[in-house]
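User: I would like a close look at the charged side chains of this protein and at how they pair up. Please take the pairs one at a time and explain each term as you go.

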Amino acid sequence: AAFAPVLLNVAIVAFLAIAFLFPNAGIAASVGILAAGLLELGLMLIAAKRAGLLAVFARPSWTADIKQFFTAFLPAVIGSAGVQIAIFADTIISSMLPTGGVSSIYYADRLYQLPIGVIGIAAGTVLLPEMSRRFAADDRRGAISAQNRTMALTIALAAPFFVVFMIIPQEIISGVFQRGAFDAKAAFEAAAVLNAYGTGLLAVVLIRSAVASFQARGDTMTPMKISLFAVACNVVIKLFLYTPLGAPGLAIATAVGAWVNFGLLVFLAMRKGDMAFDQTTGKVAAAVAGASLALFIALLTVSWYGSSLMNGIGRYQNEIRLLGLGLLSAAIYFPVLTALLYVLGM
């Protein structure tokens, strides 16, 4: 199930590779999305059949179990979609901005969703059934321990994304998108939005893990109420910031809403006794902070003094600069993180 969404990227890339067979690349990508849906469905049907879990079509009946399912399902959807609702609101409100606002948000969001999907959603997907099993077995300590390990790993993997979004958003946007009609001005505007989104990244990737404290016990109403409250705060802030700050103001409001959402989830879960940060989490957080600081200083130094070294490379200097910074980031962050975890006895 976790692998199925990968087929979306595979299908889109495959159909873009044969875009010359279609009227334009947009239609090719759209057909790729349709093909991806069929591939994902087929994969899950095959897996379910092999596991003996393949459901058969039958006339639906409104049983007590079905009623209970939808009673929990609808709030769960809303409670898990707060950030997506906020970004959707960004797109709508940005349409009232000067030309380029919608595009800036779209391109920044494509990169912003990478750590969210790869780290945050994946971690929450794995954690929820684990906590559910442990709560069902009356093993609260085991459930909280599993949540702490997941949140610690999430922070460790997401922190370098946070740092690079803060320090080198311009280099990231330029290296990935700047070519053709996407000029330096467009890259600068999208980078400002990515930087603003980045301030809420750690909250966003941790929300799914925090929601598990409630959903593992069958409580989908509380995360929904928190999500709706955070979205309301988000929209109000957007209305105040979009005129003076433009698209980055909308992204800042989304980040604030994410922190409100995460903060309330943690507060209420801890009050109920279904979340408690342990010593392991604290040590990992300290190691991540140290490694992030080392990465922060290195990237800041390179961005100040190393940019001139790339001048004159030619057509692919943006791509080469981004590749170099990416390799540098990995070479600094993970060794420092490993060393600090060792020093802290992890």
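How many salt bridges does the count come to, if a salt bridge is a side-chain nitrogen of Lys or Arg within 4 Å of a carboxyl oxygen of Asp or Glu? Please also describe the helix α8 and its surroundings.

Analyst: By that rule the count comes to nine salt bridges. This is a predicted model, in which local features need pLDDT of at least 70 and side-chain atom pairs count only at pLDDT 80 or more, while totals for chains, interfaces and linings use all residues. Residues are numbered from 1 along each chain as its sequence is written, and side-chain values use heavy atoms, with hydrogens and water left out.

As a setting for the pairs, the secondary structure of the protein chain comes to 13 helices and zero strands, where helices (H or I, at least four residues) and strands (E, at least two) are DSSP runs numbered from the N terminus. Of its 346 residues, 39% count as buried, and here buried means under 20% relative accessible area, exposed means over 50%, and partly exposed lies in between (1.4 Å probe, protein chains only).

One of the pairs sits in helix α8, where Glu189 forms a salt bridge with Lys185, the closest N and O atoms being 2.6 Å apart. The two residues are four apart in that helix, about one turn. Glu189 is partly exposed, with a relative accessible area of 27%, whereas Lys185 counts as exposed at 54%. Lys185 also takes part at the start of α8, where a side-chain oxygen of Asp183 reaches to within 3.3 Å of the backbone nitrogen of Lys185. Helix α8 covers residues 184-198, and its 15 residues should span 21 Å at 1.5 Å a residue, which agrees with the 21 Å between its end C-alpha atoms; the expected span is 1.5 Å times one less than the number of residues. Other residues of α8 are buried, including Ala187, Ala190, Val193, Leu194 and Tyr197.

Just ahead of α8 in the sequence comes the loop between α7 (169-177) and α8, and Ala181 lies in it. Ala181 counts as exposed, at 80% relative accessibility. The C-alpha atoms of Ala181 and Ala47 are 44 Å apart, and these two residues are 134 residues apart along the chain.

A second pair involves that loop, for the side chains of Glu319 and Arg179 meet in a salt bridge (2.7 Å, N to O). Because Glu319 lies in helix α13 (residues 317-343) and Arg179 in the loop between α7 and α8, this pair ties together parts that are 140 residues apart in sequence. Both partners are partly exposed, with Glu319 at 25% relative accessibility and Arg179 at 41%.

A third pair lies within helix α5 (residues 101-136), where Arg133 and Glu130 are three residues apart, about one turn of the helix. Their side chains meet in a salt bridge of 2.9 Å, N to O. Arg133 counts as exposed, at 53% relative accessibility, while Glu130 counts as partly exposed, at 21%. This pair belongs to a wider arrangement, since Glu130, Arg133, Arg134 and Asp139 are linked in a network of salt bridges.

To return to the question, the three pairs described here are among the nine salt bridges of the count, and they include one that links a helix with a loop as well as two whose partners share a helix.

Definitions and conventions
A polar contact is a pair of N or O atoms within 3.5 Å; within protein, one must be able to donate a hydrogen and the other to accept it, and residues adjacent in sequence count only if both atoms are side-chain atoms.
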